[in-house]
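User: I am new to this structure and would like a close look at a single part, the surface that faces the DNA. Please go on from there to whatever else helps in reading the model.

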Protein chains: 2
Amino acid sequence: MDLSERKKKILSAVIETNIKSNQTEAVSSKQLQEEYMPKVSSATIRNELNALEEMGFLTHLHTSSGRVPTREGYEKYTSELMEEKKLSESEKETIKSNFSSKLLSLRDIIEKSAKTISKATNYTSIVYAERANKAIIKDIKFYPVSRTTQLVVVVTSDRVINELSNLGTNDENDLNSASAILRDLFVDKPLSLIINKDFRDKVVTKELQKYKVVFDKVIEIIESNEQNYLGDISIAGKDKLMDYPEFNNTEKLKKAVSLFEDKDSIIPLIKNGDDLELSINVGSDKSGLEDCSLVTITCNLNDEKHITAGVIGPMRMDYQKAVSVLKEVAYTIENTLAENQGDENER
Amino acid sequence: MDLSERKKKILSAVIETNIKSNQTEAVSSKQLQEEYMPKVSSATIRNELNALEEMGFLTHLHTSSGRVPTREGYEKYTSELMEEKKLSESEKETIKSNFSSKLLSLRDIIEKSAKTISKATNYTSIVYAERANKAIIKDIKFYPVSRTTQLVVVVTSDRVINELSNLGTNDENDLNSASAILRDLFVDKPLSLIINKDFRDKVVTKELQKYKVVFDKVIEIIESNEQNYLGDISIAGKDKLMDYPEFNNTEKLKKAVSLFEDKDSIIPLIKNGDDLELSINVGSDKSGLEDCSLVTITCNLNDEKHITAGVIGPMRMDYQKAVSVLKEVAYTIENTLAENQGDENER
DNA sequence: TTTAGCAATCATCACATTTGAGTGCTAACA
DNA sequence: TGTTAGCACTCAAATGTGATGATTGCTAAA
């Protein structure tokens with residue numbers, strides 16, 4: 001269903017006016033005429049508005065109120081009508097300046113990104129680093145802490161697991177030979193393999209028998225980590241939602257705050273099924289928040305690691321701003337890293 | 001200034017009625033008479049209320065409204081009038097059942113504690129594990145990740161630091177001999193010493209010269225961690241605040257949500273200057289949230305590590321509940337750990 | 001197809017009125 | 001001296017009323 005040029009212009013105008021106003025204000029035919037199309041009369045615009053309403057893009061609160069976009073209206077706008085808006089140089093500069101030139105840890109990167117996006121857009125932002133599919137074990141070491149507590153450190157290509165445990169012995173020699181045996185068995189093997197029972201059964205033999213407790217504990221730690229570790233996530237600007245009249249009722253706000261508190265439910269939201277670079281989800285049907293929109297972008301940190309950055313806000317969101325900020329941040333992430341992976345050394 | 005028995009009873013009754021009602025309801029003389037003291041007339045109670053008001057423990061919104069406790073009233077109540085309320089066995093059981101019998105990591109303990117407290121009290125809870133004063137370096141290792149990125153792992157008696165860095169070389173031999181030298185120098189030395197410039201200057205000599213870049217990077221990582229690591233903190237039930245009419249205005253809510261987002265400002269709040277076991281702070285003057293109360297308890301995880309658990313809620317908080325839940329959790333923490341430090345092995 | 005003109009609609013505001021819960025005070029009582 | 005009944009007074013909250021103005025839908029003419 002294609003719209004006439006004038007209808008496109010009017011729908012865009014309604015939506016953009018709506019976005020710019022701080023209130024959830026309805027837009028009137030007169031206002032549109034004055035600000036967008038002084039050549040035609042308000043009556044003409046009214047006719048067009050009526051048509052757009054019949055198509056389902058606009059709606060009406062009551063007879064004498066102006067027009068408000070529907071979910072479908074926003075969707076039409078983001079998917080077809082919206083033009084790309086470049087950020088000003090100073091805005092770009094501000095974003096870049098948030099990332100220091102140092103090579104940051106993954107945690108740093110996602111936290112900085114989330115803060116930056118939230119500050120630049122004035123919406124809540126979520127940045128998520130998926131865990132690697134195939135983490136390889138690099139090292140296993142034990143450190144005595146107290147008589148009955150040992151620190152277990154498992155270094156993988158994806159993350160460093162460290163947990164206190166009771167390995168059943170605190171003898172330094174025992175710990176050393178146990179870890180040596182485990183290293184022999186596990187280093188350069190994928191985490192997923194170790195959880196596999198067949199592999200384990202095949203392996204527990206001879207020397208290992210002596211360190212059965214240690215072996216079990218380490219498996220337990222790896223298993224629990226492998227099951228619980230979903231990736232790294234950072235959310236910033238949770239309070240930003242409250243600036244928008246859409247969230248002026250406590251019910252909605254409560255839902256949002258609970259959602260943000262629970263990683264397990266927020267990760268599926270932001271996880272991009274496909275490898276879309278940019279995705280705009282209007283009136284997020286994907287559970288969570290009603291009448292909210294979610295804009296996400298995915299970029300590659302390296303061959304193994306994807307980062308997905310997103311903006312959550314009211315349906316009446318400044319999509320242009322959100323998109324351009326996300327693009328800039330994604331660019332900066334890939335770029336910052338590229339710089340550091342070059343051969344030059346800072347300092 | 002001591003109160004007559006009847007005044008004590010009336011003040012307690014006003015406060016407890018106030019706490020029990022979901023609304024911020026003022027309490028009337030008639031209500032008090034019916035529910036607490038049918039032997040005397042409402043007029044008598046009115047006289048007493050008047051006296052309590054003159055002492056500053058109660059107040060009045062307008063002539064014909066009932067009485068509401070002042071901050072001073074709540075303080076008097078928590079410090080002198082409130083009686084200890086034991087939890088029922090089933091409540092205790094519920095709390096205990098949240099902690100599995102496994103020896104949990106510190107992170108697990110504080111997260112579980114926070115969730116448990118929040119669930120049991122219906123208030124927001126904060127659990128904080130202070131960092132150890134004297135962390136000792138136990139190990140330093142490097143792992144090649146990509147051509148220009150290495151994983152630096154520094155194990156200390158207090159935590160495991162791991163960061164990606166560019167050490168300037170990816171040669172396994174180089175990395176190994178560099179880490180060997182650093183281990184020789186640093187293992188069993190306190191973190192604080194390593195940051196000390198004098199010590200560093202004394203140490204950078206002969207063999208180390210070759211690994212100047214590596215040395216600098218490691219120092220940088222340790223230094224930054226030592227400065228930024230404040231301890232582990234977990235906050236649960238941020239949405240609980242919204243159940244209380246006190247937080248029905250967006251302004252307050254926004255403040256609360258922003259506060260919770262910022263670790264740096266929340267830690268000083270909960271940090272107990274003295275080693276008080278239990279502390280009740282009515283109408284928390286300690287920055288942060290106005291008209292809020294903070295109840296905290298401190299317990300020892302081991303000789304080095306203290307855990308502080310707290311409840312944040314409106315001044316009109318169920319202090320009895322908060323105190324008994326906190327006590328139970330503190331007991332469980334110390335106990336759970338004690339069990340695991342015993343000699344028996346589960347399984 | 002566009003436009004002017006006009007009746008109809010309805011949220012919003014200001015203002016008045018009513019209602020009822022609750023206190024303060026006074027005078028009498030124990 | 002402490003307690004009580006009774007009553008006037010106060011004030012928030014609920015309810016009602018009417019005016020205002022923005023905006024639409026419709027019609028008929030250009």
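Analyst:
**The surface near DNA strand C**

Helix α3(A) gives the largest share of the surface near DNA strand C, 4 residues. This is a predicted model. There are 22 residues around DNA strand C, and those that come nearest are A:Thr44, A:Thr63, A:Ser64, B:Ser29 and B:Thr63. On the DNA side, 79% of the atoms of strand C that come within 4 Å of the protein belong to sugar and phosphate.

Sorted by class, the surface near DNA strand C is made up of 14 polar, 5 charged and 3 nonpolar residues.

Three polar contacts from chain A show how this looks at the level of atoms. The side chain of A:Arg6 places an N or O atom 3.0 Å from a phosphate oxygen of DNA strand C. At A:Ser41 the partner is a polar backbone atom, which lies 3.1 Å from a phosphate oxygen of the strand. A:Thr63, already named among the residues that come nearest, has a side-chain N or O atom 2.8 Å from a sugar or linking oxygen of DNA strand C. Two or more residues of the surface near the strand come from each of two elements, α3 (42-55) of chain A and α3 (42-54) of chain B.

**Empty space inside the protein**

Away from the DNA, the next topic is cavities. Rolling a probe the size of a water molecule over the atoms shows where empty space is left. The structure has 9 cavities of 30 Å³ or more, and the largest cavity holds about 70 Å³ of space. Its lining takes in A:Asp139, A:Lys141, A:Tyr143, A:Val153 and A:Val155 from chain A, along with B:Asp139, B:Lys141, B:Tyr143, B:Val153 and B:Val155 from chain B. The strands β4 (137-146) and β5 (149-156), in chain A and again in chain B, each supply at least two residues of this lining. By class, the lining of the largest cavity has 6 nonpolar and 4 charged residues, and no polar ones.

**Charged pairs**

Side chains of opposite charge can pair when their charged atoms come close. Over all chains, the count of salt bridges comes to 47. One of them links the side chains of A:Asp239 and B:Lys254, at 3.8 Å from N to O. A:Asp239 sits in the loop between β7 (231-236) and α11 (250-261) of chain A, while B:Lys254 belongs to helix α11 (residues 250-261) of chain B, so this pair joins two chains. Both A:Asp239 and B:Lys254 are buried.

A salt bridge within chain A runs between the side chains of A:Arg316 and A:Glu246, with 2.6 Å from N to O. Because A:Arg316 is in the loop between β10 (306-314) and α13 (319-341) and A:Glu246 in the loop between β7 and α11, the pair ties together parts of chain A that are 70 residues apart in sequence. A:Arg316 and A:Glu246 are both buried.

A:Asp291 and A:Lys252 also form a salt bridge, and their closest N and O atoms are 3.7 Å apart. A:Asp291 lies in the loop between β8 (278-281) and β9 (292-300) of chain A and A:Lys252 in helix α11 of chain A, so parts 39 residues apart in sequence are tied together. A:Asp291 counts as partly exposed because its relative accessibility is 42%. A:Lys252, at 22% relative accessibility, also counts as partly exposed, since buried means under 20%.

Finally, a network of salt bridges links A:Arg131, A:Asp158, A:Arg159, A:Glu226 and A:Lys305.

Note on methods: Residues are numbered from 1 along each chain as its sequence is written. Chains are lettered from A and ligands numbered from 1 in the order in which they are written. This is a predicted model: local features need pLDDT of at least 70, side-chain atom pairs count only at pLDDT 80 or more; totals for chains, interfaces and linings use all residues. Side-chain values use heavy atoms; hydrogens and water are left out. A residue is near a molecule or strand if one of its heavy atoms lies within 4 Å of it. A polar contact is a pair of N or O atoms within 3.5 Å; within protein, one must be able to donate a hydrogen and the other to accept it, and residues adjacent in sequence count only if both atoms are side-chain atoms. Ala, Val, Leu, Ile, Met, Phe, Trp, Tyr, Cys and Pro count as nonpolar, Asp, Glu, Lys and Arg as charged, and the others, Gly among them, as polar. On a 1 Å grid over the protein atoms alone, a cavity is a set of points where a 1.4 Å probe fits but cannot get out, and a pocket is an open set with protein on both sides within 12 Å along at least five of seven lines; lining residues have an atom within 4 Å of a point. Grid points are joined across faces, edges and corners, and a volume is the space filled by probe spheres set on the points. A salt bridge is a side-chain nitrogen of Lys or Arg within 4 Å of a carboxyl oxygen of Asp or Glu. Buried means under 20% relative accessible area, exposed over 50%, partly exposed in between (1.4 Å probe, protein chains only).
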